[in-house]
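Work through the exercises below with the sequence and the 3D model open. Each task is followed by a solution in steps.

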Amino acid sequence: MSDDGREQDEREQVPSRQRRRFPEISSRAYEHPADRSALVALRKLSGFDTVFKALSGLLPERSLRLLFLSDSVRVSDQQFAHLNDMLRDACYILDLEKVPPMYVTQDPQPNAMCIGLDEPIIVVTTGLVELLDEEEMRAVVGHEVGHALSGHAVYRTILLFLTSLAVRVAWIPLGNLAIMAIVTGLREWFRKSELSADRAGLLVGQDLKASMRGLMKIAGGNHLHQMNVDAFLQQAEEYESGGDLRDSVLKILNVLPRSHPFTTVRAAELKKWAESRDHQRIMDGHYPRRSEDKDTSVSDSFRESAAHYASHVKSSKDPLMKLVSDLAGGAGDLGDRVRRGFGGFTGSAPPKGGGKDQPSTDTPPRDED
């Protein structure tokens, strides 16, 4: 049997009736610690409450709903019935009582979003519908339902309006710098919230291969026969560990204007979580319930997030994270490590008493045109 035929059989062996359901599951079960900590940090930004309250009352949400109703196709039993089945199935698996309205909008760019202030709306583009197969699309629908269950739609809507209508909100009495700080904070949270929603998509689809295929297609188009999951994940490994401190800084600058994490990073993060004990416990039925949310301690969430970041810094292969970890452990001099880092950081100190043939690392090399 060919690889394509075997892959098709594997997809057909995962019907919705065989998927596990998670009654009363709390979004805390799948939320990435960085998602929660970024949202807490965002809420502490000076002026955020003022902007949030002002925009919550002024954003034309009714106009937005009417726009999709009038100029997109609403998913139902009569229109895009297969998407409607996926949506209801995703809400059933994650036990989301009210199924949000879902629209397909004409746009060749593959994209999906969950927006809305009072109630969430899910929107998918024709580019995405045409790009993904059924199981890949099921993971995307689960991803968006995860956003709805986590209550992400409100903040995503505010970011959408702040970025697309930045000029028109200049009247808010905070100044442009404050607005930009809030937009930057929202984008940082937005990227982390995508990691949480990817996990929700896996809980709904319960097919890691389909989730990986979907992310690869988003990165490289509908050319699966020319792509390889292991090679794709190797890109994430190379991205994280390669280069020197200059590359670490460039990574930060590259990601700042983005709303989503880089696709290879998302794939690596999801695979890591799929193989974790936390994921297995959820699949075994051991997860936090919504009825317990009111008893959740904020300090516990802070500790969990802090532990995650500490573990991430310690295990990261990124040159900048290595430097932070080493300095936190009292290893080396900051100035010396930074100078060496920008000249080709390797994570280890140069040999003591090097001979005259040993290249100098006191100053960074001069960039050539």
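**Exercise 1. Strand pairing**

Task: Find which strand E3 (residues 112-115) is joined to, how many bridges join them, and in which sense they run.

Solution. Four bridges join E3 to E4, and the two strands run antiparallel. Strands here are DSSP runs (E, at least two residues), helices are DSSP runs (H or I, at least four residues), and both are numbered from the N terminus. Two strands count as paired if DSSP finds at least two bridges between them. The model is a predicted one, in which local features need pLDDT of at least 70 and side-chain atom pairs count only at pLDDT 80 or more, while totals for chains, interfaces and linings use all residues. Residues are numbered from 1 along each chain as its sequence is written, and side-chain values use heavy atoms, with hydrogens and water left out.

To place the register, locate Ala-112, which stands opposite Val-124 in E4. Next, follow the chain through the turn: E3 and E4 form a hairpin with five residues between them. Gly-116 in that turn has a positive phi of about 130°.

E4 has a further partner to check. Strand E2 (residues 102-105) pairs with E4 in the parallel sense, over four bridges. Here Thr-105 is opposite Thr-125 in E4.

**Exercise 2. The two faces of E4**

Task: Sort the residues of E4 by the way they point, and state whether they are buried or exposed.

Solution. Start from the general rule: in a regular strand the side chains alternate between the two faces of the sheet. In E4, Ile-121, Val-123 and Thr-125 point one way, and Ile-122 and Val-124 point the other way. Now check burial, where buried means under 20% relative accessible area, exposed over 50%, and partly exposed in between (1.4 Å probe, protein chains only). Five of the five residues of E4 (residues 121-125) are buried, so the strand is mostly covered.

**Exercise 3. Helix H7 and its start**

Task: What span should the 17 residues of H7 have, and how far apart are its end C-alpha atoms?

Solution. The expected span is 1.5 Å times one less than the number of residues. For H7 this gives 24 Å, and the end C-alpha atoms are 24 Å apart, which agrees. Then look at cover: 16 of the 17 residues of H7 are buried.

At the N-terminal end, Asp-133 caps H7, with a side-chain oxygen 3.1 Å from the backbone nitrogen of Glu-135. Glu-135 lies in H7 (residues 134-150) and is buried because its relative accessible area is 7%. The side chain of Glu-135 also makes a polar contact with the side chain of Arg-19 at 2.5 Å. A polar contact is a pair of N or O atoms within 3.5 Å; within protein, one must be able to donate a hydrogen and the other to accept it, and residues adjacent in sequence count only if both atoms are side-chain atoms. Just after H7, Gly-151 takes a positive phi of about 75°.

**Exercise 4. The sides of H11**

Task: Which residues of H11 are buried, and which are exposed on the other side?

Solution. Phe-232, Leu-233 and Ala-236 of H11 are buried. They cover an arc of only 95° around the axis, which puts them on the same side of H11. The arc is that of the directions from the helix axis to the C-beta atoms. On the other side of H11, Asp-230 and Glu-238 are exposed.

Next, find the packing partners. The buried residues of H11 pack against helix H10 (208-220) and H13, with contact meaning heavy atoms within 4.5 Å. At the start of H11, a side-chain oxygen of Asn-228 reaches to within 2.9 Å of the backbone nitrogen of Asp-230.

**Exercise 5. Ser-276 in its loop**

Task: Which backbone atoms does the side chain of Ser-276 approach?

Solution. Ser-276 lies in the loop between helix H13 (263-274) and helix H14 (277-283). A polar atom of its side chain lies 2.6 Å from the backbone oxygen of Trp-273. The side chain of Ser-276 also reaches the backbone nitrogen of His-279, at 3.3 Å. With a relative accessible area of 21%, Ser-276 is partly exposed.
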